[in-house]
Amino acid sequence: MRRPERRMDQKVLQSLLRRSSVGRLATINRAGYPVIKPVNFIYMEGKLYLHSSPRGEKIADLRRGSPVCFELDEPIAYAPASGHACWAGYFYRSVFVKGKAKLLKDPAQKQRVLQRLMEKYQPEGGYGPIPPAELKKTAIVEISIEEMTGKEKLD
């Protein structure tokens with residue numbers, strides 16, 4: 001990290017992963033280009049999980065073994081310039097993850113992840129169980145974290 005004084009404390013980093021709604025998953029496509037997609041996710045037991053259609057570019061990239069990068073950010077406030085324009089800035093927090101992804105096969109694991117996703121995004125409840133036919137049509141991606149850093153600018 002170029003600015004080590006901006007390194008985020010691991011407790012703050014993990015809290016941000018637990019409460020953020022949207023992250024971005026980057027893969028490398030068949031043509032060698034990085035592709036980034038916004039995703040809903042959960043951080044659970046030291047790993048990231050997301051759900052997806054079992055078809056599409058990101059799943060095809062993962063099936064080919066693409067490495068992954070995950071990012072999320074929390075913009076806090078714009079800091080206007082009080083002198084020349086170069087003094088303008090932004091207060092923020094951000095997290096970067098590099099890792100390997102795999103698709104979960106076990107229905108019980110998939111069900112558990114989907115249950116946790118529902119608890120995060122619809123904490124008030126009111127939903128029923130996921131039918132087995134829908135579970136079969138849903139891909140669950142597990143990201144094993146190899147490197148995770150957080151950065152913040154608060155002053």
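**Figure 1. Lys137 sits in a loop and is exposed in this predicted model.** Lys137 has a relative accessibility of 51%. Exposed means over 50%, so Lys137 falls into that class. Its loop runs between helix 4 (132-136) and strand 7. Ser52 is 85 residues away from Lys137 along the chain. In space, the C-alpha atoms of Lys137 and Ser52 are separated by 9.1 Å.

**Figure 2. Seven strands build an open sheet.** The strand order is 2-1-5-6-7-4-3. The pairing is antiparallel. Which strands stand at the edges? They are strand 2 (34-39) and strand 3 (42-44). Each of these has a single partner strand, so one of its sides is left without a neighbour in the sheet. From one strand to the next, the twist averages 35°. Strands of a sheet pair through backbone hydrogen bonds.

**Figure 3. Strand 1 pairs with strand 5.** Strand 1 covers residues 23-28. Three bridges join strand 1 to strand 5. The two strands run antiparallel. Look for Arg24, which stands opposite Glu71 in strand 5.

**Figure 4. Helix 1 and helix 3 meet the sheet.** Helix 1 lies across strand 3, strand 4, strand 5, strand 6 and strand 7. Helix 1 runs at about 75° to strand 6. Helix 3 (residues 107-121) also packs on the sheet. Helix 3 touches strand 3, strand 4 and strand 7. The directions of helix 3 and strand 3 make an angle of about 120°.

**Figure 5. The largest nonpolar core holds 22 residues.** Nonpolar side chains tend to be buried together in soluble globular proteins. Which members of this core touch the most other members? They are Leu17, Leu48, Phe70 and Val95. At least two core residues come from each of helix 1 (10-19), strand 4 (47-52), helix 2 (57-63), strand 5 (68-79), strand 6 (89-103) and strand 7. Strand 7 gives the most, with four residues. A separate core of nine residues lies apart from this one. Among its members are Met44, Leu104, Leu117 and Ile140.

**Figure 6. Leu48 has contacts in several parts of the chain.** Sequence neighbours within four places are left aside here. The contacts of Leu48 include Leu17 and Phe70, two residues that are, with Leu48, among those touching the most other core members. Phe41, Ile42 and Tyr43 are also in contact with Leu48. So are Val97, Val141, Glu142, Ile143 and Ile145.

**Figure 7. Glu142 and Lys47 form a salt bridge.** Their closest N and O atoms are 3.5 Å apart. Glu142 belongs to strand 7, and Lys47 belongs to strand 4. The two residues are 95 residues apart, so this pair links distant parts of the chain. Is each partner buried or exposed? Glu142 counts as buried, at 5% relative accessibility. Lys47 counts as partly exposed, at 27%.

**Figure 8. Arg116 and Glu119 form a salt bridge within helix 3.** The N to O distance is 3.9 Å. Why are the two residues separated by about one helical turn? It is because they are three residues apart in helix 3. Glu119 is partly exposed, with a relative accessible area of 38%. Arg116 is partly exposed too, at 34%.

**Figure 9. Arg19 and Glu74 form a salt bridge.** The closest N and O atoms are 2.6 Å apart. Arg19 lies in helix 1 and Glu74 lies in strand 5. The pair is 55 residues apart and links distant parts of the chain. Arg19 is partly exposed, with a relative accessible area of 43%. In total, the model has 13 salt bridges.

**Figure 10. Glu152 is buried and has a polar partner.** Glu152 lies in strand 7 (residues 139-153). Its relative accessibility is 17%. Buried means under 20%, so Glu152 qualifies. The side chain of Glu152 makes a polar contact with the side chain of Arg93, at 2.8 Å. Beyond its neighbours within four places in sequence, Glu152 is in contact with Arg6, Arg7, Met8, Val12, Tyr92 and Arg93. Which residues share one salt-bridge network with Glu152? They are Arg19, Glu74 and Arg93, joined through salt bridges that share partners.

Definitions and conventions
Residues numbered from 1 in each chain as written. Predicted model: local features only at pLDDT ≥ 70, side-chain atom pairs only at ≥ 80, totals over all residues. Heavy atoms only, no water. Buried < 20%, exposed > 50% of the residue type's maximum accessible area, 1.4 Å probe, protein only. Polar contact = N/O pair within 3.5 Å; in protein donor to acceptor, adjacent residues only side chain to side chain. Contact = heavy atoms within 4.5 Å. Core = buried A, V, L, I, M, F, W, Y, C linked by side-chain atoms within 4.5 Å. Pairing = 2+ DSSP bridges. Axes fitted to C-alpha atoms, helices over the stretch in contact; angles between N-to-C directions. Salt bridge = Lys/Arg side-chain N within 4 Å of Asp/Glu carboxyl O.
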